[in-house]
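Let us walk through this structure, starting from a single side chain and working outward. Keep the model open as you read.

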Amino acid sequence: MDRTFQVDLRGVVDLLSHHLYASPRVYVRELLQNAVDAITARRALDPAAPARVRIDPPDVTGDGTLRVSDTGIGLTEEQVHQFLATIGRSSKRDDFGFARHDFLGQFGIGLLSCFLVADEIRVLTRAEGSPTVLWRGFADGRYSVAPAGEDRLHVGTTVTLVPRRDADQWLLRRTVTELATLYGSLLPVTVEVGDVQVTGDGLPWRAGGDNRRERLVAHCREVFGFTPFDVVDLTVAEAGLTGVAFVLPTPANPAARAGHRVYLKRMLLAEGAEGVLPEWAFFARCVFDAGELRPTASREALYEDQLLESTRETLGDQLRGWLVRLATRDPRRLAEFLEIHHLGVKALAVHDDEMLRLVERWWPMETNTGRMTLADFRAQHGLVRYTVQVDEFRQIGAVAAAQGMPVVNAGYVYDAQLIERLPLIEPGALIERVEPSDLTTHFDALEPGLELARRPFVARAQRAMDRLGCEVVLRAFDPAGMPAMYLVNRSAAFAAELRATRERVDEVWADVLDALARTDDEDRPQLVLNHRNPLVRRVSELADEDLVRLAVEGLYGQALLLGHHPLRPADAALLNSSFLGLLNKAVAHED
């Protein structure tokens, strides 16, 4: 046997009015929304019908209530029973024979928001050719419908709110004026609070004139509080969207969620709507009005659907087109933009060929021969050698330059990915990923006779470095003023991290790490001693093994510091002991 759900009306009213909406201030928006929809319905039948909404706060009514009157279509007694007493039943759902998307409200719950500030709601309404009807609703779920004792003179509706004791401040003239201006200043009807009109001249971005840009810049300052770097017009026909994007004049945090000002059918939906633009476009803030996008039930965000996704992609295309035009018409201006917002453009270039070409041509990257664009680097050197970590570039940059080996620092966000995508758009582009250990292949080996003579020294030096897991190599390279370099590739760094982690975990995990660890000599960091350096040559001729050990340890410590490598406790202790040991050798005396 089927049964009917039992609904606690008081509980439903409390749930919707106190938990659906983020703030009591939305009651003004919902009242304006219902009034504008009623006017829209009437003007569809009579285009010459008046379009006016008047809000009278308590200091005007004189009885402590707030009244909102409109010149809309009004309701008959049957429609009052049908629409005002049924939660979720919207009078806009084709009941008047109009397309639902022509209206602002579509959920049939907007009037409930008034219970955030009122204990009682009175709706005095009159439809064409019908008597005036009075509907009274109470916060505890009761309502009544009866013929009005006094007829309205004109077709339309008046909503009266009897405030709750703790909500008087929300009905004050100043508060109501601010909220009516915030939500309704762009509405295509006349909205007045008392005798003050709060609606303006329409959508700012739809106006023309010679000073259009200046007015939009002023609008950006008013809405977002900054003077934009540039203003980009936006339009998406299928979403009924028109508006502008304001480009931020300062760097933005890519991780921060950008908030945009969104209107639906010229009623403010949200001051900080998210997900309007693609994630890479964090450098822009939008203001737009859309007629076809769907709001959520609380009308405080956009409903995520296929149309919104398509709109987001189209807006991204328009911002990308602005960048391409900027590169063609004003390269200097583009360079200024990239200096501020290169992260956003590079994030887009990771997936977009057109933006990758723009970045290659216009964004200067750090190299060991000076800052230059990838296009200029390829033109000068052909092969694009690059490091994927900033620390690696610091280790080898100067020395690689001295060997005639130009290198790009691709350790910054997205740079390595962009370089690796170059061959996809430029089939002739040559790229090579460089590790510090690769640098030794560009160093000169010693002559065979000299190398043979220095083998005892290398063996003594290796014995000094074995306990640190470091391989000693003797080579000749420029600049001669650099005595030693400490080079470590990624596999060696990974092995070192495994060893350090193994010391901190239990036996089970230590066995797992042992299985992952690699102990090949090719994975050991290298201490490369420069035979062109006079000090290294003198050390290599020493016969005192203890002195050789102290000298090599000192060179090892200096190489760590010059290469910006992190110092382990063992490294710090070695630096200290080698320094004191060399001092002791230098000032040796008889007791």
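Phe246 is buried, with a relative accessible area of 0%. Bear in mind that the model is predicted. What does Phe246 pair with? Its partner is Phe224, in an edge-to-face arrangement. The ring centres are 6.2 Å apart, and the planes meet at 70°. That angle is over the 60 degrees required, so the pair counts as edge-to-face. Phe224 belongs to helix α6 (residues 212-224), while Phe246 belongs to strand β10 (residues 241-247). The two rings therefore tie together parts that are 22 residues apart in sequence. Phe224 has a relative accessibility of 22%, so this residue counts as partly exposed. Buried would require under 20%.

Now turn to Trp280 and Phe283. Their ring centres lie 6.1 Å apart with the planes at 45°, so this pair is tilted. Both Trp280 and Phe283 are buried. They also belong to an aromatic cluster, together with Phe229, Trp322 and Phe337. How many aromatic pairs are there? The count comes to nine.

Aromatic rings also meet charged groups here. Arg142 lies over the face of Phe138, 4.3 Å from the ring centre. Arg294 places its charged end over the ring of Tyr303, at 4.2 Å from the centre.

Next, the helix packing. Two packed helices are described by the angle between their axes and the distance between the axes. Take helix α14 (residues 455-465) and helix α18 (residues 545-562). Their axes are 9 Å apart, at an angle of about 65°. The crossing of α14 past α18 is right-handed. Which residues make the contact? On the α14 side they are Phe457, Arg460, Ala461, Arg463, Ala464 and Met465. On the α18 side they are Glu545, Val548, Arg549, Val552, Glu553 and Tyr556.

Finally, step back to the whole chain. The chain contains 19 helices and 21 strands. Of its 591 residues, 48% are buried. Consider the contacts with a separation of 6 or more: 66% of them join residues 24 or more positions apart. What does the surface consist of? About 29000 Å² is exposed, and carbon and sulfur atoms supply 51% of that area.

Key. Residues are numbered from 1 along each chain as its sequence is written. This is a predicted model: local features need pLDDT of at least 70, side-chain atom pairs count only at pLDDT 80 or more; totals for chains, interfaces and linings use all residues. Side-chain values use heavy atoms; hydrogens and water are left out. Rings of Phe, Tyr and Trp (its six-membered ring) pair if their centres lie within 6.5 Å; planes under 30 degrees apart count as stacked, over 60 as edge-to-face and the rest as tilted. Helices (H or I, at least four residues) and strands (E, at least two) are DSSP runs, numbered from the N terminus. Buried means under 20% relative accessible area, exposed over 50%, partly exposed in between (1.4 Å probe, protein chains only). A charge sits over a ring if NZ of Lys or CZ of Arg is within 6 Å of the ring centre and within 35 degrees of the ring normal. Contact means heavy atoms within 4.5 Å. Accessible areas come from the Shrake-Rupley method with a 1.4 Å probe; for residues, only the protein chains shown count as cover. Axes are lines fitted to C-alpha atoms, for helices over the stretch in contact, and angles run from 0 to 180 degrees between N-to-C directions. A crossing is left-handed if the near helix is turned anticlockwise from the far one by less than a right angle, and right-handed if clockwise.
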